[in-house]
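Work through the exercises below with the sequence and the model at hand. Each task is followed by its solution.

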Amino acid sequence: MDVVTGAFSFTGRYVAARLLESGREVRTLTRRPQSESPFGDRVRAFPLDFTDPAPLRDADTLYNTYWIRYPAGATSFEDAVAHSVALFAAARAAGVRRVVQLSVAHASPESPYAYFRGKAAVEAALAESGISHAIVRPTLVFGDGEVLVNNIAWLLRRLPLFMLPRAACRSRPIAAEDLADLCVEAALGEDDVTVDAAGPEELRLEELVRAVRTAVGARAALLRGGQRTILALTRGLGKMARETLLTPEELSALADNLLTSTEPPRGTKRFANWLRESAPGLGRRLATGDRRPWPG
Ligand SMILES: NC(=O)c1ccc[n+]([C@@H]2O[C@H](COP(=O)([O-])OP(=O)(O)OC[C@H]3O[C@@H](n4cnc5c(N)ncnc54)[C@H](OP(=O)(O)O)[C@@H]3O)[C@@H](O)[C@H]2O)c1
């Protein structure tokens, strides 16, 4: 039996699917009720209580996808670090053999970005916990239920113009299926390892947006603008949609090419192939950080 945080959300859903396929029993820790399970009653849901070892008892591996996209409500990145530390303590108390931790490429205590510094703090806490672990650091993950590419498609489908930053914003996207395979493989080992999870091709944001525009049959003209203008526009649109479309930190991190990796590709699936298959449904609805559907 394994435990996956967020098995009804994005990456966790792919990991849980892989585990079920291979005959494992899966539990999840989540804010969502069992009724939202894409797996019916095959995955048993427990509340996302970071301190409770009970649901983790008898688990071989904890796959931890928990994180926040940006500070919202009462939860800061420092809180998210503290929650993760508490979860590792609960895992240790429950006798979990191994933790596979979803981090992020370029996590660093020196990062100018709180998201990446927080991830580095979680990595350090996991190393200190003494539990056998694998840290998997994705770049940009694509798949059904993802937010960024979906919302680019949502904007392209609805607006006459789409503004790109002047920076190249390079990424090495990895398919959620490939990431799930990597995580499940990483659980098998004994050694403590840290690996980037990047796909086989590098895309500039302009290439990615052009590909999405063609795939969904949109006609929005592409312009270039400064980061301040882009943030003002996305803030305005976000207010109308009652959703945070893009944070200043996300845009700067994208412009700093943090969604890339210098490590060899560990994913094989190509973005263009997924895009072709997913285009009909892509961007029909705004994906929210909470995956609440927003009417199209
Ligand atoms: N998506 C990407 O492109 C990408 C790229 C690099 C790194 N990563 C990392 O990969 C991991 C999984 O990412 P994902 O996109 O798959 O995330 P996700 O599905 O949105 O969420 C993963 C988990 O975090 C929980 N969560 C999210 N927001 C929360 C909040 N505000 N308060 C409490 N819990 C919250 C979710 O709870 P519920 O189960 O209740 O939904 C779920 O358990 C994360 O650690 C992320 O940092 C993702």
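**Exercise 1: helices on the sheet**

Helix H1 (residues 11–21) lies across strand S1 (2–5), strand S2 (26–30), S3, strand S4 (61–64) and strand S5 (98–102), and runs at about 160 degrees to S1. The model is predicted: local features need pLDDT of at least 70, side-chain atom pairs count only at pLDDT 80 or more, and totals for chains, interfaces and linings use all residues. Residues are numbered from 1 along each chain as its sequence is written, and side-chain values use heavy atoms, with hydrogens and water left out.

Task: Which strands does H3 lie across, and at what angle does H3 run to S6?

Solution.
- Terms: helices (H or I, at least four residues) and strands (E, at least two) are DSSP runs numbered from the N terminus. Contact means heavy atoms within 4.5 Å. Axes are lines fitted to C-alpha atoms, for helices over the stretch in contact, with angles from 0 to 180 degrees between N-to-C directions.
- Result: H3 lies across S5 and S6, at about 165 degrees to S6.

**Exercise 2: the sheet**

Task: In what order do the 7 strands stand, and which strands are at the edges?

Solution.
- Two strands pair if DSSP finds at least two bridges between them.
- The order in this open sheet is S3-S2-S1-S4-S5-S6-S11, with parallel pairing.
- Strand S3 (43–47) and strand S11 (193–197) each have a single partner strand, so one side of each lacks a neighbour in the sheet.
- Direction ignored, neighbouring strands are turned by 20 degrees against each other on average.
- Strand S6 (residues 132–138) pairs with S11 in the parallel sense over 5 bridges; Ile 135 stands opposite Thr 194 in S11.

**Exercise 3: aromatic pairs**

Task: How many aromatic pairs are there?

Solution.
- Rings of Phe, Tyr and Trp (its six-membered ring) pair if their centres lie within 6.5 Å; planes under 30 degrees apart count as stacked, over 60 as edge-to-face and the rest as tilted.
- The count by this rule is 10 aromatic pairs.
- One of them is edge-to-face: Phe 77 and Tyr 115, 5.9 Å centre to centre, with 75 degrees between the planes.
- This pair links distant parts of the chain, 38 residues apart: Phe 77 is in helix H2 (residues 77–94) and Tyr 115 in helix H3 (residues 114–129).
- Phe 77 is buried (under 20% relative accessible area; exposed is over 50%, partly exposed in between; 1.4 Å probe, protein chains only), at 7%. Tyr 115 is partly exposed, at 22%.
- Ring pairs link Trp 67, Phe 77, Tyr 113, Tyr 115 and Phe 116 into a cluster.
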